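Please look at the sequence and the 3D structure shown here, and keep both in view while working through the exercises.

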Amino acid sequence: MLKNKVIRYLTVILTLFVIAGCGSTEEEPADTGLLLGFSQIGSESAWRIGNTRDIENSADNYGISLMLENANQSQENQIAAIRRFIAYKVDVIAFSPIVEDGWDNVLMEAKEAGIPVILVDRDIETTRDDLTTCLIGADFYNEGVMAAEYLIRKADELGLEHVNIVEITGTENSTPMRQRQAGFADTIAEDERMCILERIDGDFLKSRGAECMRYLLETYGDDIDVVFSHNDEMTLGALPEIEKTDLVPGQDIIIISIDGGQEAIDALKAGRINCVVECTPNLGNELMETALSLKNGEEVEAVIHPVERIFSDEQDVSAIGPRGY
Ligand code: AHR
């Protein structure tokens, strides 16, 4: 009796395996034999989660084995992860540096071990330029320029004579924070209507975006004409704080964000955000291509920037398709 039951059970399992096998039409990619160690910053935003997912999917599609470590927003954890990749003798190391300083020692260790290093998303400050091979990431300075150019057009359209701006910035000493701020500041510097009331560190986090906005509203109230926020997460934290007052985001306050994730695009479509500058997290394919080239001893480009767009109330926003992050 028991024997029959076991046989029946095993037959069902076997049948399920066969069906699953027949149903799948996708071919497994050939294994490239490449082992890539990747240290991710953390999971602070929808952008970051989308970036991690994209890198995992790309590694699978290219037949590359990925050792992925999440540093939970800690530079120490990233340095420890890079040391583990070296000890493990991976073929290529990639990492998204949370901040720009403090990488020279560990990168010297990678160099001595003969392991090429790729920077993903963010850049570093270093005394030598032979510690990394290339940077695959957005042109953050240009994102700041695009945000400011939109604001100048909007001020023209509304006939504004004076524009008070509050800026909620990303993680202190990170590349996107420094460059978005610089691109925006350099561009508005040519327009004397523009005035920055305050810059405040929101660390790219939704909770900090809310805290910063509460403080800014308490301090400046309805003097605020514009919120320029360095990422969607902080913007999405700030919006409900504005909505708790009698000010309407998108109407009484111009809201400018960066990233272009689904939730922010939905808020743009609802009129709660005026402009979102795209920063794509989809860097995985470029990363895999570059890692393979390095493994084959080929030259790689020093900087690879993806093409990025701007979404705003100047266009038919209903036509913007699903964002995927
Ligand atoms: O480095 C890219 C930035 O980091 C994105 O704008 C932000 O959302 C992320 O956390």
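The exercises below treat the sheets, then the packed helices, and then a pair of rings.

The model is a predicted one, in which local features need pLDDT of at least 70 and side-chain atom pairs count only at pLDDT 80 or more, while totals for chains, interfaces and linings use all residues. Residues are numbered from 1 along each chain as its sequence is written, and side-chain values use heavy atoms, with hydrogens and water left out.

**Exercise 1.** Describe the sheet that contains strand 7 and strand 12, and say which strands stand at its edges.

Solution. Begin with the terms: strands (E, at least two residues) and helices (H or I, at least four) are DSSP runs numbered from the N terminus, and two strands pair if DSSP finds at least two bridges between them. Next, read the order, which is 7-6-8-9-10-12 for six strands in an open sheet with mixed pairing. The edges are held by strand 7 (194-201) and strand 12 (310-312), each of which has a single partner strand, so one side of each is left without a neighbour in the sheet. On average, neighbouring strands of this sheet are turned by 15 degrees against each other, direction ignored. Then follow one pairing in detail: strand 10 (residues 275-278) is joined to strand 12 by three bridges in the antiparallel sense, and Val-276 stands opposite Phe-311 in strand 12.

**Exercise 2.** Describe the sheet with the order 2-1-3-4-5-11.

Solution. This open sheet is formed by six strands, and the pairing is parallel. Its edge strands, strand 2 (65-70) and strand 11 (303-304), each pair on one side only. Inside this order, strand 3 (residues 92-95) and strand 4 (residues 117-120) run parallel and are joined by three bridges, with Leu-119 in strand 4 as the bridge partner of Phe-95.

**Exercise 3.** How do helix 7 and helix 8 cross, and which residues meet?

Solution. Two packed helices are described by the angle between their axes and the distance between the axes. Axes are lines fitted to C-alpha atoms, for helices over the stretch in contact, and angles run from 0 to 180 degrees between N-to-C directions. For helix 7 (residues 206-220) and helix 8 (residues 232-243), the axes come within 7 Å and cross at roughly 40 degrees. Helix 7 and helix 8 are therefore oblique to each other (angles under 35 degrees count as roughly parallel, over 145 as roughly antiparallel, 65 to 115 as roughly perpendicular and the rest as oblique). In contact, meaning heavy atoms within 4.5 Å, are residues including Met-213 and Leu-217 in helix 7 and Leu-236 and Ile-242 in helix 8.

**Exercise 4.** At what angle do helix 2 and helix 10 pack?

Solution. Helix 2 (residues 46-62) packs against helix 10 (residues 284-295) at an angle of about 45 degrees, and their axes are 8 Å apart. The two helices, helix 2 and helix 10, are therefore oblique to each other. Among the residues that meet are Ile-55 and Tyr-62 in helix 2, together with Leu-287 and Met-288 in helix 10.

**Exercise 5.** Place helix 5 against its surroundings, and then find the ring partner of Phe-184.

Solution. Helix 5 (residues 140-158) lies across six strands, among them strand 9 (254-259), to which helix 5 runs at about 160 degrees. Helix 5 also packs with helix 6 at an angle of about 40 degrees, with the axes 7 Å apart. Now turn to the rings: a search of the whole structure finds two aromatic pairs. In one of them, the ring centres of Phe-184 and Phe-228 are 4.1 Å apart and the planes are at 20 degrees, so the pair is stacked (rings of Phe, Tyr and Trp, its six-membered ring, pair if their centres lie within 6.5 Å; planes under 30 degrees apart count as stacked, over 60 as edge-to-face and the rest as tilted). This pair links distant parts of the chain, since Phe-184 in helix 6 (residues 175-188) and Phe-228 in strand 8 are 44 residues apart.
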